[in-house]
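Me: Please take a close look at one part of this structure and describe its surroundings. I would like one connected account in plain words.

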Amino acid sequence: MREFLTKFRDPEIARALIKDVRHLATRVADRLGRRVVLMEVCGTHTVAISRAGLRSLLGDLLDLRSGPGCPVCVTDYADVDRMVALARLPGVTVGTFGDMVRVPGSDSSLERERAAGADIRIFYSPADAVAWAAAHPERELVFLGVGFETTAPAVALSIKEAGARGLKNFSVYVNHKLVPPALMALLEDPEIKVDGFILPGHVSAIIGRRAYSFLEAFRLPAAITGFETNDILEGIRQILKMMWGKEPRVVNGYTRVVREEGNKIAQREMAAVFRVGDASWRGFGVIPGSGLTLAAPFAAFDAAARFTLPPVVPRVPAGCACGEILKGKLTPKECRLFAVACNPTSPVGPCMVSSEGACAAYYQFERHYGERANHA
């Protein structure tokens with residue numbers, strides 16, 4: 001396996017790909033009269049691009065914008081506030097993946113609530129949360145179901161497992177989101193100018209290449225890629241080739257993981273437990289058909305229905321541009337709070353909190369890039 005992966009990290013192959021990408025980008029940019037704008041939809045791609053320095057290597061020809069691919073970042077303020085309200089209920093333990101803990105809501109975060117005495121536990125899998133609930137019948141365990149198609153199947157299985165074990169103290173605050181409707185929302189926004197999408201590898205492993213076929217009606221080239229540097233460069237090269245040849249389509253550059261129809265077992269588990277519904281995304285508002293709700297046979301596991309929560313009036317911090325960054329309208333460096341009032345030690349918005357957040361990636365790998373270039 002290691003030998004197989006070597007070519008995706010081979011520096012000689014990377015140099016050849018960069019040469020090809022720059023050649024193609026030059027021709028396409030000359031035709032357009034501007035830089036080519038591509039959006040990486042996945043937060044893991046954002047981190048990989050920043051870590052590899054691709055924005056600095058290609059920035060004179062390519063504008064690589066980050067999109068709504070960080071699951072924690074797109075969680076709406078109102079939902080964070082409801083999670084905080086759940087943590088404040090007596091007898092309730094909130095279980096979550098780690099990144100969600102530090103995301104600020106209107107006036108608190110799960111981290112602050114834990115410091116104030118709330119029982120908030122980080123689980124590495126939803127199955128661990130079910131096991132914890134079984135071992136602690138005296139507590140109500142609410143698991144936060146946050147994430148895209150990648151994590152939803154595991155949460156679906158955990159709900160089925162809780163049902164099979166007859167657990168009465170396990171429920172899920174369902175906040176899962178679906179990627180294709182978010183892409184549609186981007187394409188329908190006249191203020192967003194994107195020439196092509198670098199599509200997520202993890203989500204695509206579940207939903208498959210065919211799930212993006214609707215992009216072809218927009219005549220927009222797109223490539224599913226893996227997460228090694230050479231994967232991403234090859235995906236960019238494929239998009240540029242399609243732009244130059246005026247033959248846009250959706251190509252699968254991650255065939256070692258992604259299939260045409262996706263993972264049918266995972267899709268079946270999701271379909272058994274969830275139904276498609278509307279969802280509110282940070283920065284986007286409500287996107288029809290972009291979320292999941294529990295199917296009727298599993299309604300007893302719906303934390304939003306099981307607990308009475310106070311009404312929330314979300315308050316967005318002044319100056320935070322996370323919403324605009326998630327839509328690709330701004331880069332992190334264009335937010336006036338970036339690396340000044342907002343940093344990883346004292347984050348204002350989720351894009352600086354999450355390990356997949358664009359602001360966190362820019363802060364760690366790119367915040368000095370423009371300064372060096374200008375100094376030179």
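**A buried glutamate and its surroundings**

Reply: In this predicted model, the backbone nitrogen of Val-179 lies 2.9 Å from a polar atom of the Glu-149 side chain. Glu-149 itself sits in the loop between strand S5 (140-147) and helix H8 (152-164). Glu-149 is buried, yet has no salt bridge. The nearest side chain of opposite charge belongs to Lys-177, and that side chain is 11 Å away. Even so, Lys-177 is among the residues that Glu-149 touches, when residues up to four places away in sequence are not counted. The others in that list are Leu-178, Val-179, Pro-180, Val-203, Ile-206, Ile-207 and Met-270.

For a second buried residue, turn to helix H11 (residues 229-245), where Ile-239 is placed. Ile-239 counts as buried because its relative accessibility is 0%, and the cut-off for buried is under 20%. Ile-239 and Ala-222 are 17 residues apart in sequence, but their C-alpha atoms are 6.0 Å apart in space. Ala-222 is also one of the contacts of Ile-239, leaving aside neighbours within four places in sequence. Leu-38 is another of these contacts.

The sheet comes next. Strand S1 covers residues 36-40 and runs parallel to S2, with five bridges joining the two. One bridge pairs Glu-40 with Ser-66 in S2. The open sheet has five strands in the order S2-S1-S7-S8-S9, with parallel pairing. Strand S2 (62-66) and strand S9 (250-252) are the edge strands, each pairing on one side only. From one strand to the next, the twist averages 20 degrees.

Note on methods. Residues are numbered from 1 along each chain as its sequence is written. This is a predicted model: local features need pLDDT of at least 70, side-chain atom pairs count only at pLDDT 80 or more; totals for chains, interfaces and linings use all residues. Side-chain values use heavy atoms; hydrogens and water are left out. Two strands pair if DSSP finds at least two bridges between them. Helices (H or I, at least four residues) and strands (E, at least two) are DSSP runs, numbered from the N terminus. Axes are lines fitted to C-alpha atoms, for helices over the stretch in contact, and angles run from 0 to 180 degrees between N-to-C directions. Buried means under 20% relative accessible area, exposed over 50%, partly exposed in between (1.4 Å probe, protein chains only). Lys and Arg count as positive and Asp and Glu as negative; His and the chain ends are not counted. A salt bridge is a side-chain nitrogen of Lys or Arg within 4 Å of a carboxyl oxygen of Asp or Glu. A polar contact is a pair of N or O atoms within 3.5 Å; within protein, one must be able to donate a hydrogen and the other to accept it, and residues adjacent in sequence count only if both atoms are side-chain atoms. Contact means heavy atoms within 4.5 Å.
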